[in-house]
Structures are given as C-alpha cells and as structure tokens.
Amino acid sequence: MRMSELYEIGAKTELGTYRFTEESILHFATRFDPQPFHVDREAAERSLFGGLCASGWHTCAAWMKTFLAYWAAESARLAAEGKVPPTLGPSAGFRNLQWLRPVFVDDTVAYSVTLVASRPLASRPGWIMNSTLAEGVNQAGDPVMRFQGSVLEFE
Amino acid sequence: MSEANLYYEDFAPGRSFALGPRQVTTEEIIEFAREFDPQPMHLDEEAGKRSILGGLAASGWHTSAMFMRMMIDSYLLRSHSEGAPGVDFMEWKKPVLAGDTLGGSSTVLESRPLRSRPGIGVVKFRHEVTNQHGEVVCLSENSIMFRMRERSEVSA
C-alpha cells in the first residue's frame with residue numbers, strides 16, 4: 001500500500017507520548033547541547049526559560065522515536081490483515097521547525113503526524129515524496145514543537 | 001567552560017565561525033539510533049550498504065545534534081545565548097557515514113533587536129556542515145537570541 005492510501009491528506013494521526021525525565025534531559029544535553037538552561041537547574045531558573053528544559057533537538061529526536069514505535073505497531077497490524085505496509089526511506093530534512101514552548105522536567109509530550117501531500121518524483125520512477133506536519137503537545141494541551149517534514153517512500 | 005564573552009553586538013552580518021572538526025564513530029551512530037531512530041541503515045553496516053545511503057549512516061536527527069554540539073563548542077557556550085525559537089530549514093543533503101569527519105561554518109546573515117524583549121537581539125545564521133571530502137552534508141538557516149552588551153541601545 002501507499003502512504004496516501006493509508007492516510008487521508010490533512011488528517012492528524014496520534015503517535016504516542018514521551019516523558020522528559022530530568023535524567024533524559026541531562027543525558028541528551030550533556031552530549032549535544034550543554035547550554036546552561038539544559039544542564040544546570042539554577043542557571044536555567046535565571047534564564048528566559050525559567051527552569052531546566054530539554055534541548056529542542058531532544059524534543060525532535062523524541063518525535064522520531066515515537067513515530068517509529070507507532071510505525072512498527074502499524075506495520076505489524078497491516079501485515080496481520082494481509083496488507084503490505086508502505087516502504088519508507090530516509091528523510092531529506094525539514095522546514096519551519098518551531099520550538100513553541102520550553103519542555104520542562106517531567107513534561108509528557110504527545111506527538112502526532114499529518115500527511116500534507118504525497119507525490120511521485122518525476123526524476124525517480126517508483127519513488128514518492130511525502131510531506132508531513134509533525135507536532136508535539138504537552139500535558140497541558142499546549143503545543144511545544146512543530147515542523148514540516150518529508151519522507152521518501154518506495155513503491 | 002570559558003567565560004562568556006560574545007554578546008549580540010559581536011554577531012555582525014558577515015562574521016563567520018568555524019565548526020568542528022568532529023569525528024563520527026560507528027559506536028555513536030548506533031548509540032543514538034538505538035535510543036531515537038532505530039532503523040536498519042542507522043544500526044547495521046550491512047543494512048546501511050544495502051540502503052540508498054550506502055553505508056552505516058547517522059540519523060538525520062543525530063546529524064542535527066552533532067551540528068548543535070559543534071555550534072556549542074565553536075561559539076555558543078562562550079556567548080550569552082538565550083536559545084532559539086526554531087530552524088527555518090535543514091536539508092540533510094548527503095549521508096553522514098561512520099568514519100566521516102565533520103566541519104563547516106556558521107555565518108551571520110542579519111541581526112536585529114527584539115522589541116518585545118529589551119536587552120535581547122536576534123541573529124540569523126546560515127550554517128553549513130561539511131564532510132572530509134568538502135561536500136556539504138547539512139545546510140540550514142536559523143535565528144538565535146543573544147543578550148546585548150548595552151541594554152540601553154534598544155530603548156530608543
């Protein structure tokens with residue numbers, strides 16, 4: 001099946017949640033983004049954020065993790081129904097990534113994806129480019145992250 | 001950590017900061033992928049070779065995170081950064097493979113005071129991450145907020 005047969009254009013799919021523990025925030029930020037507001041509780045309280053918060057890249061990576069967990073379950077479900085799941089390939093990047101609110105210690109973010117467009121690549125027969133909107137919302141219902149993504153699909 | 005000595009005023013249009021070098025190891029690619037992006041081409045050399053990426057390749061999100069760390073080590077940790085509202089675009093143009101050495105640059109495109117937050121200015125950068133062959137593997141533009149050295153400059 002194709003992605004466009006599986007998902008209605010414009011319909012949001014809930015992927016699951018990811019909890020940002022202090023340990024996970026520090027583990028990510030220490031390796032990749034050791035700015036004071038991501039690794040030092042007291043410095044974070046003095047910053048514009050007002051408290052220790054996750055690196056924006058951690059918020060994005062957690063979307064990917066949540067998507068893949070969803071996708072594994074979805075592929076198994078389709079296979080159990082005798083359907084062939086779409087074959088997804090790498091992504092070429094993203095646009096308009098917005099970190100809308102800080103993600104603080106013990107926040108739980110619910111992630112979603114919306115298929116925005118799906119079109120065959122003229123230059124590569126059998127390849128389809130899917131455009132997506134990825135979003136994350138915290139436990140208060142406030143959006144924390146959004147980006148326009150893309151993922152290749154092979155027929 | 002060295003003392004922070006870069007303020008908004010120091011990010012004049014045209015100024016460029018070198019990124020890297022940073023080695024990309026097999027172990028790090030697999031560790032990141034296991035945690036956040038467990039797809040075969042990021043976990044297994046043979047699966048990577050069979051994919052269109054041509055080898056064990058870093059997750060795009062891992063490349064983004066390594067790019068972040070290179071910005072940190074080049075200029076952000078010695079600056080008065082107040083974080084970034086987002087990223088205009090990021091293109092993962094070529095695979096980042098195990099054994100690659102990443103470099104590149106961040107160049108200031110423009111800067112402006114933030115009216116809503118006196119004492120803070122926004123600096124827009126164009127970032128290029130390159131590999132050891134001189135190929136651009138990742139291209140991006142984004143804006144980062146910095147504290148001003150002189151708060152009074154924005155009161156006019």
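**View 1. Two salt bridges cross the interface of chain B and chain A by the rule used here.** A salt bridge is a side-chain nitrogen of Lys or Arg within 4 Å of a carboxyl oxygen of Asp or Glu. The side chains of A:Arg31 and B:Glu35 form a salt bridge, with 3.2 Å from N to O. This is a predicted model, in which local features need pLDDT of at least 70 and side-chain atom pairs count only at pLDDT 80 or more, while totals for chains, interfaces and linings use all residues; side-chain values use heavy atoms, with hydrogens and water left out. Residues are numbered from 1 along each chain as its sequence is written, and chains are lettered from A and ligands numbered from 1 in the order in which they are written.

**View 2. The interface of chain A and chain B.** Chain B gives 37 residues to the contact, and chain A gives 37 residues. Contact means heavy atoms within 4.5 Å. The size of an interface is often given as the accessible area lost when the parts come together. Chain B and chain A bury about 3,200 Å² between them. Carbon and sulfur atoms carry 65% of that area. Buried area is the accessible area (1.4 Å probe) that two parts lose on being put together, summed over both.

**View 3. Helix H2 of chain A packs on helix H4 of chain B.** H2(A) covers residues 22-32, and H4(B) covers residues 60-76. Helices (H or I, at least four residues) and strands (E, at least two) are DSSP runs, numbered from the N terminus. The two axes lie 8 Å apart, at an angle of about 60°. H2(A) is therefore oblique to H4(B). Axes are lines fitted to C-alpha atoms, for helices over the stretch in contact, and angles run from 0 to 180 degrees between N-to-C directions. Angles under 35 degrees count as roughly parallel, over 145 as roughly antiparallel, 65 to 115 as roughly perpendicular and the rest as oblique. From H2(A), the contact uses A:Phe28, A:Thr30, A:Arg31 and A:Phe32. From H4(B), it uses B:His62, B:Ala65, B:Met66, B:Met68, B:Arg69 and B:Ile72. These residues divide into 6 nonpolar, 2 polar and 2 charged. Ala, Val, Leu, Ile, Met, Phe, Trp, Tyr, Cys and Pro count as nonpolar, Asp, Glu, Lys and Arg as charged, and the others, Gly among them, as polar.

**View 4. Helix H5 of chain A packs on helix H1 of chain B.** H5(A) runs over residues 56-80, and H1(B) over residues 26-36. Their axes are 8 Å apart, at an angle of about 65°. That makes H5(A) roughly perpendicular to H1(B). H5(A) brings A:His58, A:Ala61, A:Ala62, A:Met64, A:Lys65 and A:Leu68 to the contact. H1(B) brings B:Phe32, B:Glu35 and B:Phe36. The split is 6 nonpolar, 1 polar and 2 charged. B:Glu35 also takes part in the salt bridge with A:Arg31.

**View 5. A cis peptide bond joins B:Gly20 and B:Pro21.** Omega is about 0° here. B:Pro21 sits in strand S1 (residues 16-23) of chain B. Chain B has 4 helices and 5 strands. From the N terminus on, its elements run β-α-α-α-α-β-β-β-β.

**View 6. A:Asn96 has a positive phi of about 50°.** A:Asn96 is not a glycine. A:Asn96 belongs to strand S3 (residues 93-99) of chain A. Chain A holds 5 helices and 6 strands. From the N terminus on, the order in chain A is α-β-α-α-α-α-β-β-β-β-β.
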